[in-house]
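Welcome! Take a moment to look over the sequence and the 3D structure, and then we will walk through one part of it together.

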Amino acid sequence: MKNVFTLIAVIIIVLGVGTNVAKWITDATGFTVPGHVFSLFVGLLFATVNSKKQFVEMNTKGIEIISVISLELFLTMAMMNLKIWELYDLALPLIIILNNVHRVHKQF
């Protein structure tokens, strides 16, 4: 459990650094880039350096726990904001598209 909290702390730090890098890039160039893009780059850089130097022990079980919880929270928030009545007009085209995709996959 201690490792999960350490991984959460690393994720929060990486998100904070990535957001600040994005803000700095926006201020320096005037080109707006979302903070999560640079957070991905900072996370990639950290993972690469950490694999060589082992600053933080990153076990797969802890990462799996955080990943599952994050995915469940994202899906819950996305479903709560979904307005099904607005998708009513798209139902027939969506059924046709899915039916055609199913036929194509059946051939292979």
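What should the 19 residues of H2 span at 1.5 Å a residue, and how far apart are its end C-alpha atoms?

## Checking the helix length

Keep in mind that this is a predicted model. The expected span of H2 is 27 Å, and its end C-alpha atoms sit 26 Å apart, which agrees. Just after H2 comes glutamine 54, whose phi is positive, near 55°.

## Two faces of H2

Now let's see which residues of H2 are hidden. The buried ones are Phe38, Ser39, Val42 and Asn50. Looking down the axis of H2, you would find these buried residues within an arc of 105°, so they line one face of the helix. Helix H1 (2-29) is included in what covers them.

Turn to the face of H2 that points away from the buried side, and you meet the exposed residues Leu40, Phe41, Leu44 and Lys52.

## A pair of rings

Two aromatic rings can be described by the distance of their centres and the angle of their planes. Here the count comes to one aromatic pair. The ring centres of phenylalanine 38 and phenylalanine 41 are 6.0 Å apart and their planes meet at 70°; because an angle over 60 degrees counts as edge-to-face, so does this pair.

Both phenylalanines lie in H2 (residues 35-53), three residues apart, which is about one turn of the helix. Is phenylalanine 38 buried or exposed? Its relative accessibility is 17%, so phenylalanine 38 counts as buried, whereas Phe41 is among the exposed residues on the face turned away from the buried side.

Notes:
Residues numbered from 1 in each chain as written. Predicted model: local features only at pLDDT ≥ 70, side-chain atom pairs only at ≥ 80, totals over all residues. Heavy atoms only, no water. Phe/Tyr/Trp six-rings, centres within 6.5 Å; stacked < 30°, edge-to-face > 60°. Helix = DSSP H or I, 4+ residues; strand = E, 2+ residues; numbered from the N terminus. Buried < 20%, exposed > 50% of the residue type's maximum accessible area, 1.4 Å probe, protein only. Expected span 1.5 Å × (residues − 1). Arc of directions from axis to C-beta. Contact = heavy atoms within 4.5 Å.
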